[in-house]
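Student: Could you take a close look at one part of this chain for me? Follow the thread from there to whatever connects.

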Amino acid sequence: MITIKVDKTVLEKIHNDFLNSIVEENIGYIIFVAKTNDYIITAYDNKKKNTFKITIQGQDPLRLALKYSDEPLNLPKKMKIIKESPYFIDVNPQIGSDEVGTGDFLGPVVVCSAYVDNETMKLIDEFKIADSKKLSDKQILNTIPFLLKKVHYEAKILTIEKYNNASSKGFNLNQIKAILHNFVLLKLHARVPYVNNVYMDQFVNETKYYEYLKGTSKIQKGIIFKEKGETYFPSVALASCIARYLFLKEIETINNKYDVSIPLGAGEKVNIFSKTFIRKFGIEEFNKIAKKSFANYKTVINEL
């Protein structure tokens, strides 16, 4: 849970933004409670009526808190605000990598590395390529097919079958990601060996990353790890967009196969969809689209 303090204007904005999700109002000091698939937002009154406390619970509460306040309070000890960069700090020739699908209960994991040089930077500027999470899926689907013909990249789509197989053998998600990043970086670096700058959107610290790769015959060295790397380095931003595009195309294939519309993420709406899917197609088919290592899997099975 995260707490923010807001003035009356912001309080009214939050109230209006979640108007259709309000489940309780005016209970003691509670002004309102709004509940969505991903969040529970509670607004509290006070005697002075000049600032109001808002608590946010649910999926990624920090993201929502920062929409309404620059200074969230009561951050969990393990949670920290990761600073983004307002501009790319290096636009020289480089390779970067990022991944998509690791927060989604349904669908594959996609990891991509991308090469950026002066010509690629022109395309990145022209098409306003940024972190894929800041672009709509429509923008990704419309833009990336053209860019794929113009840029150098390597991608690996880890199917659900292979993901679940690796997970059953004791590989955790970060170890799987490390292996996939190493694979695409080595393949792309072999094509542009003269590039020295290699960047990665950091998901574990450098020491742990290389620990995960112990026993691997060949390892990409010299990587610069940076949280929110897609905001610092154009190669990581491009890689994130390509990975997102490939992920969305895989989801589209699954949707077409079963005539469904898969919700992304790992919230309650995903669980609801999963139970409906199992009742219609059976557990064996569900195992072809779901990551069994996610807590959602046990929840869904137990609630059937």
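Tutor: Lys 128 is exposed, with a relative accessible area of 63% (exposed means over 50%, buried under 20%, partly exposed in between, with a 1.4 Å probe and protein chains only). This is a predicted model, where local features need pLDDT of at least 70, side-chain atom pairs count only at pLDDT 80 or more, and totals for chains, interfaces and linings use all residues. Residues are numbered from 1 along each chain as its sequence is written, and side-chain values use heavy atoms, leaving out hydrogens and water.

Back to that lysine: Lys 128 isn't a glycine, yet its phi is positive, at about 50°. Lys 128 sits in the loop between helix H3 (118–126) and helix H4 (137–148); helices here are DSSP runs of H or I with at least four residues, strands are E runs with at least two, and both are numbered from the N terminus. Lys 228 is another non-glycine with a positive phi, about 60°, and its loop runs between strand E10 (223–226) and helix H8 (229–232). Asp 259 joins them with a positive phi of about 55°, just after H9.

H9 itself covers residues 234–258, and its end C-alpha atoms are 36 Å apart, which agrees with the 36 Å that its 25 residues should span at 1.5 Å a residue (the expected span is 1.5 Å times one less than the number of residues). Of those 25 residues, 19 are buried, so H9 is largely enclosed by the rest of the structure.

Part of that picture is H4, the helix on the far side of the Lys 128 loop. H4 packs against H9 at an angle of about 110°, with the axes 9 Å apart. The two are therefore roughly perpendicular to each other; that label covers 65 to 115 degrees, while under 35 counts as roughly parallel, over 145 as roughly antiparallel and the rest as oblique. From H4, the residues that meet H9 include Ile 140, Leu 141, Ile 144 and Leu 148, and among their H9 partners are Leu 238, Ile 242, Tyr 245 and Leu 248 (contact means heavy atoms within 4.5 Å). By class, this contact of H4 with H9 has eleven nonpolar, no polar and three charged residues.

Leu 248 of H9 leads on to Gly 107: their C-alpha atoms are separated by 9.1 Å, although they are 141 residues apart along the chain. Gly 107 is in the loop between strand E6 (94–100) and strand E7 (109–116), and at 0% relative accessible area it is buried. Leaving aside residues up to four places away in sequence, Gly 107 touches Ile 160, Phe 247, Ile 251, Ile 254, Ile 289 and Lys 291.

Strand E6 also holds a glycine, Gly 96, and Gly 96 counts as buried too, at 0% relative accessibility. Beyond four places in sequence, the residues Gly 96 touches include Cys 112, Ser 113, Ala 114 and Tyr 199, along with Ser 235, Val 236 and Ala 239. Gly 96 and Tyr 115 are 6.7 Å apart, C-alpha to C-alpha, with their positions 19 residues apart in sequence.

How values were computed:
Axes fitted to C-alpha atoms, helices over the stretch in contact; angles between N-to-C directions. Nonpolar A, V, L, I, M, F, W, Y, C, P; charged D, E, K, R; others polar.
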